[in-house]
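Subject: A structure for you to explore

Hello,

Here is the structure I promised to pass on to you. Have a look at it first, and then read my notes below with the viewer open.

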Amino acid sequence: MSVNLGLAQVSGDFLIAALVIYSLAVLAFAGDFAFGRPRRAAARATGLDAGAGRAVELAAVGAASGAAAEGAAAKGGTAVAEGASATGGTAAAGDATGAGAAGVTGAAAGAGGGGAGAAGGSGGVLPARQESAFRAIWQAGPWVQAAVTLSAVGILAHLVAVVTRGFAVHRAPWGNMYEFVTALTCVAAIFFCYVLVRYRAWALGVFVMGSVVLALGLAETVIYTAAGPLVPALQSYWLSIHVTAMTLATGIFFVAAVLGIMYLVTERYRSRVAAGKAQPGNGLLARLPASAQLDKLTYRTVVFGFPVWTFGVIAGAIWADQAWGRYWGWDPVETWAFITWVLYATYLHARATAGWRGRRAHYIQLLGFASLTINMLVVQVFITGMHSYAGVS
C-alpha cells in the first residue's frame, strides 16, 4: 500500500510538538531543581525544628506535673535529644508518659501531665502515611506540578506521533533509524515517568528528560527519514516482535545510562570531599539523590530491561533463520548486539555475585550502553552488512 502522506505530516507535527513540550518540561524540572528542592528542604527543616521544640515543651510539662504529684517525674524532659526525628520524638513522648506513671497512687495530676506530653509528642512523630502519587506531586510545589503535567502532555503527543506514523506507512513504525529513535525516546520518557512517580525522583527530571530532548532533536535534524515502504527483507511479522523488543530495551537502557552517569558524578565528588580535594556543600550535587540510591535505581532499571533485550536477540536469531537460512552469521549488527548483551550480563553478574556496588559496576553498565549506541549510530549507518536498513543517507 502507498504511504499516506497526510498522516505522515500529522505525525511529524505531533513529534515537533512533543519536542517543544518536552523542552518546556525540562525547564520546569530545572526550575524545581534550582528553586523548589531547597525551599522544600528548608520547609521540612523548619517543621522538624518546630516539632522538636513542641516535644521538648510538652515533655517538660509532663515532668513538672509528675514531680509535683509524686516527686518522681524528673525524667520527663530528658529524652528529647533527637526531636527532629520520629524516633527521638517517640522517645520523648514515652519518657513523659513514664514520668507521669511513676507517680503511682495519688498522682492524677502527674499522669495527666504525662499523658498530655505523650499525646502532644506523638502528633508529629507518627509514621508517615504512604501518600498517593497525585498527592505527592501536588505537595511538591508548582515547579514539579508543571514539569509532570508537561511531561505527560508531551508523552501523549509523542505517542500520537508514533502511532500516526505507523498508520501512515501501514506497518510497525520502526523500520528505519529515524523511526527507531523516535520510538525508543518515547519508551524512555514513559519509563522515566514511572520512575519519577514511583520513587518521587523529581531531581532526576532535568537530566533524563533533557537527554530525551537531545536524542529527539538529533532524530529530527540529523537522521530524519521521510515516510516510505519497507525494504523487502524487513517485510515480515518478525519486525513487530524483534524490533519492538529492542526498542523497549533500548529506551530502558537509555534511562539507566543517564542514572549511571549521575551516579559517577556524585560518587566522584563524594570521594574528592573525603580526600580533602574538594569543598563539601556543593549546592548542585546536594540536590541529587544519594549515590547509594542512584546505584540501586540504576541496577533495578537494568534488571528490568535486560530480559527484554535478551528476548529481542533471540527473536532476531529466529527471524534471521527464516530470512537468511541461519540463526547467527556474525553480521556486524549481530556481533555488536551480542557484545552489548555480554556487557549488561557482566554488569548484573558482578552486582549479584561479586558484590560490586561502586564505580566499577557502573563503568561496565555504561560500556554496555556505549556498545548499544555504536551499534545503532555507527555500525548500522556506516558499515555495510545484512542489517543496513537505517535509511540514513
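**What I found**

Reading along the sequence, you will meet the pattern α-α-α-α-α-α-α-α-α-α-α. In other words, the chain has 11 helices and zero strands. Please keep in mind that this is a predicted model.

**The chain as a whole**

Of the 393 residues in the chain, 47% are buried. The chain exposes about 18800 Å², and carbon and sulfur atoms supply 68% of that area. How do the contacts spread along the sequence? Taking the contacts between residues at least 6 apart in sequence, 78% join residues at least 24 apart.

**Two helix pairs**

Start with α5 (residues 142-169) and α6 (residues 177-199), which pack at an angle of about 150°. Their axes are 10 Å apart. Angles over 145 degrees count as roughly antiparallel, so α5 is roughly antiparallel to α6. The crossing of these two helices, α5 and α6, is left-handed.

If you want to see where they touch, colour V148, S151, I155, H158, L159, V162, R165 and V169 in α5. On the α6 side, the partners include Y178, E179, T182, A183 and T185, and also C186, A189, I190, C193 and L196. Sorted by class, the residues of the contact of α5 with α6 are 12 nonpolar, four polar and two charged.

Next, look at α8 (residues 238-274) and α11. At roughly what angle do the axes of α8 and α11 cross? They cross at roughly 145° and come within 9 Å. Here too the crossing is described by its hand: α8 passes α11 in a left-handed crossing.

From α8, the residues that take part are T250, F253, F254, A256, A257, G260, I261, Y263, L264, E267 and S271. They meet R359, H362, Y363, Q365, L366, F369 and L372 in α11. The contact of α8 with α11 holds 11 nonpolar, five polar and two charged residues.

**Three residues within helices**

A good one to zoom in on is L259, which sits in helix α8. Is L259 buried or exposed? Its relative accessible area is 0%, so L259 is buried. Leaving out residues up to four places away in sequence, L259 touches L204, L294, L297, T298 and T301. One of these partners, L294, is 35 residues away along the chain, yet the C-alpha atoms of L259 and L294 are separated by 6.4 Å.

Now move to helix α11 (residues 359-382), where you will find A361. A361 has 0% relative accessibility and therefore counts as buried. Apart from residues up to four places away in sequence, A361 touches Y347, R351 and W356. The C-alpha atoms of A361 and Y347 are separated by 5.8 Å, with their positions 14 residues apart along the chain.

Helix α11 also holds V378. With a relative accessibility of 38%, V378 counts as partly exposed. Which residues does V378 contact, once its neighbours within four places in sequence are left aside? They are T373 and I383. You can also check the C-alpha atoms of V378 and V333: these residues are 45 apart along the chain, and the atoms are separated by 9.9 Å.

**Two backbone angles to look at**

Most residues other than glycine have a negative phi. With that in mind, have a look at R200, which is not a glycine but has a positive phi of about 55°. R200 lies in the loop between α6 and α7 (205-221). Its relative accessible area is 26%, so R200 is partly exposed.

The other one to visit is W330, again not a glycine, with a positive phi of about 55°. Where is W330? You will find W330 in the loop between α9 (291-324) and α10 (332-354). Is W330 buried or exposed? Its relative accessible area is 56%, so W330 is exposed.

Enjoy looking around, and send me any questions you have.

Best wishes

Conventions. Residues numbered from 1 in each chain as written. Predicted model: local features only at pLDDT ≥ 70, side-chain atom pairs only at ≥ 80, totals over all residues. Heavy atoms only, no water. Axes fitted to C-alpha atoms, helices over the stretch in contact; angles between N-to-C directions. Helix = DSSP H or I, 4+ residues; strand = E, 2+ residues; numbered from the N terminus. Parallel < 35°, antiparallel > 145°, perpendicular 65-115°, else oblique. Left-handed = near helix turned anticlockwise from the far one by under 90°. Contact = heavy atoms within 4.5 Å. Nonpolar A, V, L, I, M, F, W, Y, C, P; charged D, E, K, R; others polar. Buried < 20%, exposed > 50% of the residue type's maximum accessible area, 1.4 Å probe, protein only. Areas by Shrake-Rupley, 256 points an atom, 1.4 Å probe, with all protein chains shown as cover.
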